[in-house]
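This report describes selected local features of one protein model. Please consult the sequence and the coordinates alongside the text.

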Amino acid sequence: MTKAKIHDREKERLALLNSYSILDTLPEKDYDNLTKLAAEICQTPISLITLLDDKRQWFKSNYGLGVSETPIEDAFCAHAITGSDPIFTTEDAREDERFHDNPLVTGDPNIVFYAGIPLKNASGLPLGTLCVIDNKPRKLTDSQKESLNILSEQVINLLELRKNKLELERAHKKLKKFSKKLEKKVYQRTNQLEIKTIKLELMINDLESFNHICSHDLQEPLRKIQMFISQVSDNEFNNLTEAGKHKLERIDRSAARMRDLIQDLLTYGATETIDNSLTTVSLKKLVLDVKDVLSEELKQHKTVLKIPKDCEITVRPIQFKQLLFNLFTNAIKFTKKEDKPVIKVTGKIVDGADYPEIDLAEDKRYSHITVSDNGIGFDQKYESKVFEIFQRLHSDEEYQGTGIGLAIVKRIVTTHNGHITVESSLGNGAVFELFIPLAVKAI
């Protein structure tokens, strides 16, 4: 038996796995439905969703298998997550020198056939696998492989939704703690404002019932908060002390920021679920559509938008316009105050084989889109950080934002099986490079 090698980025991989807080949780129907469907499609008696830590492979869902975990040294999945193949397969483990004397082959569950797809997040790190197992030799058809790949993407979607919900709950706790401190300070200045703050606290507490999908339930309390703040500003503002006015303005800014945060989070979570199919369109047309939506903002900031080179691009138009919208608004937001924003969008068709450094498919063609601006830029060492959710490089006092806009951009690129990089330096703007697979035209 050959033991699987350790992943090249094992410490980072284990830290990522722990961030999902999923290990040793109870079974969930959503995950069980996916393994049941995988087994049905592939016609195998066993299907598993496995997550691998440093000692074991633990099963979040174990269709057809009566155990919840096995040692990592025996795990076929440990080989799958360190391999380079999109799907790791052994058609007859009894004749495979890596597995022929494996306890899971010689004993229960008597594995003969195994096929597993690594469950990778947006950064490409594997958390585990979605796999199917049989006790007799077999081969998967191309259709079965494609279906298994689609199901693996849905597993990742479920994991990401779970993680987003946990992050929102943590953000809510911080907001609640801040609200309690604010309530105490406001109480010392006016009983009238205290009543409004209590209502604000009650509405913030309503967020405890937050569900990532229920956007109306989440946004309704914030609309009421802003209504009460507006009423206090209109009717009671002149009765407040200077300190009280300052606190009221702080409340108003906090509510506006929370609204933007929720909207961006809902957009972030919806990027993989928007129901519109891939379409080959002109990049320039999508840019002009977004320009039309942003016409007032572009005019207000005297923004120059250039499209010197056009190309075709195969995208989900709604998603990709959201991507362009975020890049353009980001460029405007982070322009030096004394400058007019200048945004340039260019496109060309390239071969994946010409860019080995970013691991594009050599047999595919890509739309290479460049979006550059003349903004404040950032230190290149933060390249990966700018695409992470909730990550910001500037304070609210300097530049407002939620830290989600570029995370949405990265998510949309990922859903298109594309690649994105950014180059920047302080004071010299930023250049985003996107590579989106181009659909093959029928002959």
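The sections below treat aromatic pairs, salt bridges, one helix and its surroundings, and some backbone features of this predicted model.

**Aromatic rings**

The count of aromatic pairs comes to five. One of them joins phenylalanine 88 and phenylalanine 99 in an edge-to-face arrangement, with 6.3 Å from centre to centre and 85 degrees between the planes. Phenylalanine 88 belongs to strand 4 (residues 88–90), whereas phenylalanine 99 is in the loop between strand 4 and helix 4 (103–106), so this pair ties together parts that lie 11 residues apart in sequence. Phenylalanine 88 and phenylalanine 99 are both buried. Ring pairs also link these two residues with Phe76 and Tyr114, giving a cluster of Phe76, Phe88, Phe99 and Tyr114.

A ring also takes part in a contact with a charge. The charged end of lysine 163 sits over the ring of tyrosine 20, at 4.5 Å from the ring centre.

**Salt bridges**

Side chains of opposite charge can pair when their charged atoms come close. In this model there are 15 salt bridges; the table gives three of them.

| Acidic residue | Basic residue | Closest N to O distance |
|---|---|---|
| Glutamate 12 | Arginine 9 | 2.8 Å |
| Glutamate 28 | Lysine 60 | 2.8 Å |
| Aspartate 289 | Lysine 321 | 3.6 Å |

In the bridge between arginine 9 and glutamate 12, arginine 9 is partly exposed with a relative accessible area of 36%. Glutamate 12 is likewise partly exposed, its relative accessible area being 42%.

Glutamate 28 and lysine 60 form a salt bridge with their closest N and O atoms 2.8 Å apart. Because glutamate 28 lies in the loop between helix 1 and helix 2 and lysine 60 in strand 2 (residues 56–63), the pair ties together parts that are 32 residues apart in sequence. Glutamate 28 is partly exposed, at 29% relative accessible area, while lysine 60 is buried, at 3%.

The bridge between aspartate 289 and lysine 321 spans 3.6 Å from N to O. Aspartate 289 is part of helix 9 (residues 283–293) and lysine 321 part of helix 11 (residues 317–333), so this pair ties together parts that are 32 residues apart in sequence. Aspartate 289 counts as partly exposed at 24% relative accessibility, and lysine 321 is partly exposed with a relative accessible area of 29%. Elsewhere, salt bridges with shared partners join Asp24, Asp53, Arg56 and Glu69 into one network.

**Helix 9 and its surroundings**

Which residues of helix 9 are buried? They are Leu283, Leu286, Val287 and Val290. These residues cover an arc of only 100 degrees around the axis, which puts them on the same side of helix 9. Their cover includes strand 7 (279–282), strand 8, strand 9 (312–315), helix 11, strand 10 (342–351) and strand 11 (365–373). Helix 11 thus appears in this cover and also holds lysine 321, the salt-bridge partner of aspartate 289 in helix 9.

At the N-terminal end of helix 9, serine 282 acts as a cap: one of its side-chain oxygens lies 3.1 Å from the backbone nitrogen of lysine 284.

**Backbone features in loops**

Most residues other than glycine have a negative phi, and most peptide bonds are trans. Against this background, three sites may be noted.

Serine 21 has a positive phi, near 50 degrees, and is not a glycine. Its place is in the loop between helix 1 (10–19) and helix 2 (29–42), and serine 21 is partly exposed with a relative accessible area of 40%.

Lysine 302 also has a positive phi, near 55 degrees. This lysine lies in the loop between helix 10 (295–300) and strand 8 (304–309). Lysine 302 is exposed, with a relative accessible area of 55%.

The peptide bond from aspartate 108 to proline 109 is cis, with omega near 10 degrees. Proline 109 is located in the loop between helix 4 and strand 5 (113–120).

**A buried loop residue**

Is asparagine 121 buried or exposed? Asparagine 121 is buried, with a relative accessible area of 13%, and is found in the loop between strand 5 and strand 6 (126–134). Apart from neighbours within four places in sequence, asparagine 121 is in contact with Leu16, Tyr20, Ile156 and Glu160. Among these partners, Tyr20 is the residue whose ring lies beneath the charged end of lysine 163.

Note on methods: Residues are numbered from 1 along each chain as its sequence is written. This is a predicted model: local features need pLDDT of at least 70, side-chain atom pairs count only at pLDDT 80 or more; totals for chains, interfaces and linings use all residues. Side-chain values use heavy atoms; hydrogens and water are left out. Rings of Phe, Tyr and Trp (its six-membered ring) pair if their centres lie within 6.5 Å; planes under 30 degrees apart count as stacked, over 60 as edge-to-face and the rest as tilted. Helices (H or I, at least four residues) and strands (E, at least two) are DSSP runs, numbered from the N terminus. Buried means under 20% relative accessible area, exposed over 50%, partly exposed in between (1.4 Å probe, protein chains only). A charge sits over a ring if NZ of Lys or CZ of Arg is within 6 Å of the ring centre and within 35 degrees of the ring normal. A salt bridge is a side-chain nitrogen of Lys or Arg within 4 Å of a carboxyl oxygen of Asp or Glu. The arc is that of the directions from the helix axis to the C-beta atoms. Contact means heavy atoms within 4.5 Å. A polar contact is a pair of N or O atoms within 3.5 Å; within protein, one must be able to donate a hydrogen and the other to accept it, and residues adjacent in sequence count only if both atoms are side-chain atoms.
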